[in-house]
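Visitor: I would like to learn how to read a model like this one, feature by feature. Please take the general idea first and the case at hand second.

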Amino acid sequence: MRVLTVAVLVACSGPQPRPPKGEVAVSFEGRVENGPFRFGKDDLARLPRHGFKAVSPFTGKEAKFEGLAVTAILADVLELAKGGDTAVFHGQGGYAAPVPIAALRQLRPVLADKVDGVSVGEWRRDAAPLQLAWPNVEQPGIDSDPRMRWWWVAGVRKVEIQNWIATYGRALRVPQGSSDEARLGAEAISVSCIGCHMVRGVGGTRGPELKNAAVRRDPRAFTARMREHLAKASGMESAPETSSVAARQIAAFFHAVDLAGTRPEEEVQPPELPALPPPVPDDYGPRI
Ligand code: HEC
């Protein structure tokens with residue numbers, strides 16, 4: 001009987017982390033059963049791997065990206081806890097990109113440790129130890145999603161599984177009865193700003209926390225400043241300008257939040273993924 005109980009307990013408790021081999025390269029934390037899972041440099045070779053050609057938005061050039069098959073790791077190596085629907089990839093310099101798990105399932109990116117056969121750090125120094133890369137050559141339609149470029153995260157060391165509504169959705173809540181402009185502002189921030197800036201305590205830490213004051217002081221100057229901000233701050237030549245419409249929407253969001261005081265707020269849903277081409281045939285593991 002005792003043996004049976006132990007066997008059942010072990011069977012139910014899901015995968016267990018093993019101590020990392022070598023210096024820790026990446027950890028999977030947050031809503032992960034029995035987590036955190038830490039993988040050392042010497043563990044990377046035994047994890048599910050994958051590779052594809054892709055055009056990096058940093059260099060604008062095609063290269064072969066090879067490394068950890070994130071989707072297969074989240075399906076086979078560890079187990080997501082209840083409510084985990086978003087993977088936040090923490091990268092170089094305080095950058096933190098929230099990616100829906102649904103997008104990982106559909107597009108199957110890699111955390112690349114090799115680019116064109118050389119170590120990722122030789123390819124771009126900032127990209128080490130792992131570069132989150134997306135198969136935009138095999139699946140050319142995916143670049144039509146403006147979030148994709150912000151999902152190329154360099155220098156990933158930590159992947160945090162979160163619940164979108166409980167984190168980003170709360171931070172981007174708009175007061176009930178807000179204008180459509182404020183609502184669209186929340187969406188624009190979640191697409192283009194939250195990777196580098198915190199809003200109400202949630203987001204990246206590369207730039208300062210975004211607050212109403214910086215925007216309200218002089219809305220025209222804000223719009224003019226924002227136009228080239230994304231290209232300059234991201235180091236991507238092809239980063240889009242922030243249109244004056246988007247800047248106005250972002251300003252409307254902060255204004256609405258400040259006016260709200262204690263008024264009840266509506267949760268903001270994650271922006272929908274646009275229709276994407278059918279996924280390429282499976283070459284590893286089941287889908288999560
Ligand atoms: C790739 C990273 C990155 C992205 C994306 C980004 N920012 Fe920034 N932002 C920064 C950094 C770094 C600074 C501080 C240095 C500077 O002013 O350029 C900054 C500064 C700012 C400031 C000045 C803050 C102050 O009070 O002085 C504002 C306002 C701002 N960003 C707004 C935005 C908005 C709005 C978006 C989205 C449309 C955005 N940023 C997207 C990195 C980023």
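Visitor: Which atom of the ligand lies 2.8 Å from a polar side-chain atom of H229?

Guide: A polar contact is a pair of N or O atoms within 3.5 Å; within protein, one must be able to donate a hydrogen and the other to accept it, and residues adjacent in sequence count only if both atoms are side-chain atoms. Here the partner of the H229 side chain is a nitrogen atom of the ligand, at 2.8 Å. The side chain of H197 has an N or O atom 2.7 Å from a nitrogen atom of the ligand, and the side chain of R225 has one 3.0 Å from an oxygen atom of the ligand.

Visitor: What kind of model are these values from?

Guide: This is a predicted model, in which local features need pLDDT of at least 70, side-chain atom pairs count only at pLDDT 80 or more, and totals for chains, interfaces and linings use all residues. Residues are numbered from 1 along each chain as its sequence is written, and side-chain values use heavy atoms, with hydrogens and water left out.

Visitor: How many residues surround the ligand?

Guide: A residue counts as near the ligand if one of its heavy atoms lies within 4 Å of it. There are 17 such residues, and the closest are C193, C196, H197, R225 and H229.

Visitor: Which helix gives the most to that shell?

Guide: Helices (H or I, at least four residues) and strands (E, at least two) are DSSP runs, numbered from the N terminus. Helix α9 gives the most, with four residues. Both α8 (219-227) and α9 (229-234) supply at least two residues each. The whole protein chain has ten helices and 14 strands.

Visitor: C193 and C196 are both on the list of closest residues. How many disulfides are there?

Guide: A disulfide is a covalent bond between the sulfur atoms of two cysteines. The test is a pair of cysteine sulfur atoms within 2.5 Å, and the count is zero.

Visitor: Are C193 and C196 buried or exposed?

Guide: Buried means under 20% relative accessible area, exposed over 50%, and partly exposed in between (1.4 Å probe, protein chains only). C193 is buried because its relative accessibility is 13%, and C196 is buried because its value is 17%. Of the 288 residues of the protein chain, 45% count as buried.

Visitor: Where is M198, and what is it in contact with?

Guide: Contact means heavy atoms within 4.5 Å. M198 is in strand β12 (residues 198-199). Apart from neighbours within four places in sequence, M198 is in contact with G203, G204, T205, E209 and L210. Its relative accessible area of 23% makes M198 partly exposed.

Visitor: Which residues have unusual backbone geometry?

Guide: Most residues other than glycine have a negative phi, and most peptide bonds are trans. R200, in the loop between β12 and β13 (202-203), has a positive phi of about 45° although it is not a glycine. R108 also has a positive phi, of about 50°, and lies in the loop between α3 (101-107) and β7 (110-115). At 3% relative accessibility R108 is buried, while R200, at 33%, is partly exposed.

Visitor: Which peptide bond is cis, with omega about 5°?

Guide: That bond joins A128 and P129, and P129 lies in the loop between α4 (120-123) and β9 (131-133). The bond from G35 to P36 is cis too, with omega near 0°.
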